[in-house]
Amino acid sequence: MSQEQLEKPIAYDIKEEEAIKPLAATEDKEKSVVAEASGGQAEGEVNQKNPEGTITIGEALEAAVLTAGNKPVEWSDAAAIQAAEVRATGRTNIMPGGVAASAQSAATLNARANSEDDKTTLADVLTGASSKLPSDKPATRKDAEGVTGAEMRNDPHLATYPTGVAASVAAAARINQAK
């Protein structure tokens, strides 16, 4: 490979056979998807506008839509989203109308919903999450630990959802740490 080919971002395609296969190097510098496989599902996304090429917390939240988008929002999800928003923005309180406030509202409504069809999903709350955050930062191991702890503390079984919010932030932190 030439030096020019090594510097171009490589996009990955997650196929049904649960393998990651590199696509041709892309000329699109604006956005390229990089995924970590977990049962054939994407868990991370890199925005090439980010100079370090790292995955931000907002992008990790958006990646959760790919892995667990159909999951109804529960209290544990709302807590994890709140922890992620606090870590991404550096603010200690949640913003009215922000991602965390939407998740808390969805969890409250879902607890009262009579039908699964009436419940708000993670996709409803997290789609476009990075654009809803006033500021964002690359996901770190400490961020992943904080989000995982919040999700576990608010789950009746003290567990995290395998492909949920905490898993997406943890995957982003692993990918960032490897860079």
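How much area does the protein chain expose, and what share of it do carbon and sulfur atoms supply?

## Surface and burial

In this predicted model, the protein chain exposes about 9500 Å². Carbon and sulfur atoms supply 49% of that exposed area. The chain has 179 residues, of which 43% are buried.

## Secondary structure and contacts along the chain

The protein chain contains eight helices and four strands. In sequence order, the elements run α-β-β-β-β-α-α-α-α-α-α-α. The four strands thus follow one another in the pattern, with one helix before them and seven after.

Among contacts with a separation of 6 or more, 58% join residues that are 24 or more positions apart.

## Helix 3 against helix 7

Helix 3 spans residues 75–89 and helix 7 spans residues 141–153. Their axes come within 7 Å and cross at roughly 155 degrees. Angles over 145 degrees count as roughly antiparallel, and helix 3 and helix 7 are therefore roughly antiparallel to each other. The crossing of helix 3 past helix 7 is right-handed.

On the side of helix 3, the contact is formed by Ser76, Asp77, Ala79, Ala80, Ala83, Ala84 and Arg87. Helix 7 contributes Lys142, Asp143, Gly146, Val147, Ala150 and Glu151. Sorted by class, this contact comprises six nonpolar, two polar and five charged residues.

## Helix 7 against helix 8

Helix 7 also packs with helix 8, at an angle of about 170 degrees and with the axes 8 Å apart. This pair, helix 7 and helix 8, is therefore roughly antiparallel as well.

From helix 7, the residues in this contact are Arg141, Asp143, Ala144, Val147, Thr148 and Glu151. From helix 8, they are Val165, Ala166, Val169, Ala170 and Ala173. The contact of helix 7 with helix 8 has seven nonpolar, one polar and three charged residues.

Asp143, Val147 and Glu151 of helix 7 take part in the contact with helix 3, and these residues also appear in the contact with helix 8.

## Ala171 in helix 8

Helix 8 covers residues 165–178 and includes Ala171. Is Ala171 buried or exposed? The relative accessibility of Ala171 is 0%, so this residue counts as buried; the cut-off for buried is under 20%.

Ala171 also illustrates a separation in sequence set beside a distance in space. Ala171 and Ala63 are 108 residues apart in sequence. In space, their C-alpha atoms are 9.8 Å apart.

Definitions and conventions: Residues are numbered from 1 along each chain as its sequence is written. This is a predicted model: local features need pLDDT of at least 70, side-chain atom pairs count only at pLDDT 80 or more; totals for chains, interfaces and linings use all residues. Side-chain values use heavy atoms; hydrogens and water are left out. Helices (H or I, at least four residues) and strands (E, at least two) are DSSP runs, numbered from the N terminus. Buried means under 20% relative accessible area, exposed over 50%, partly exposed in between (1.4 Å probe, protein chains only). Contact means heavy atoms within 4.5 Å. Accessible areas come from the Shrake-Rupley method with a 1.4 Å probe; for residues, only the protein chains shown count as cover. Axes are lines fitted to C-alpha atoms, for helices over the stretch in contact, and angles run from 0 to 180 degrees between N-to-C directions. Angles under 35 degrees count as roughly parallel, over 145 as roughly antiparallel, 65 to 115 as roughly perpendicular and the rest as oblique. A crossing is left-handed if the near helix is turned anticlockwise from the far one by less than a right angle, and right-handed if clockwise. Ala, Val, Leu, Ile, Met, Phe, Trp, Tyr, Cys and Pro count as nonpolar, Asp, Glu, Lys and Arg as charged, and the others, Gly among them, as polar.
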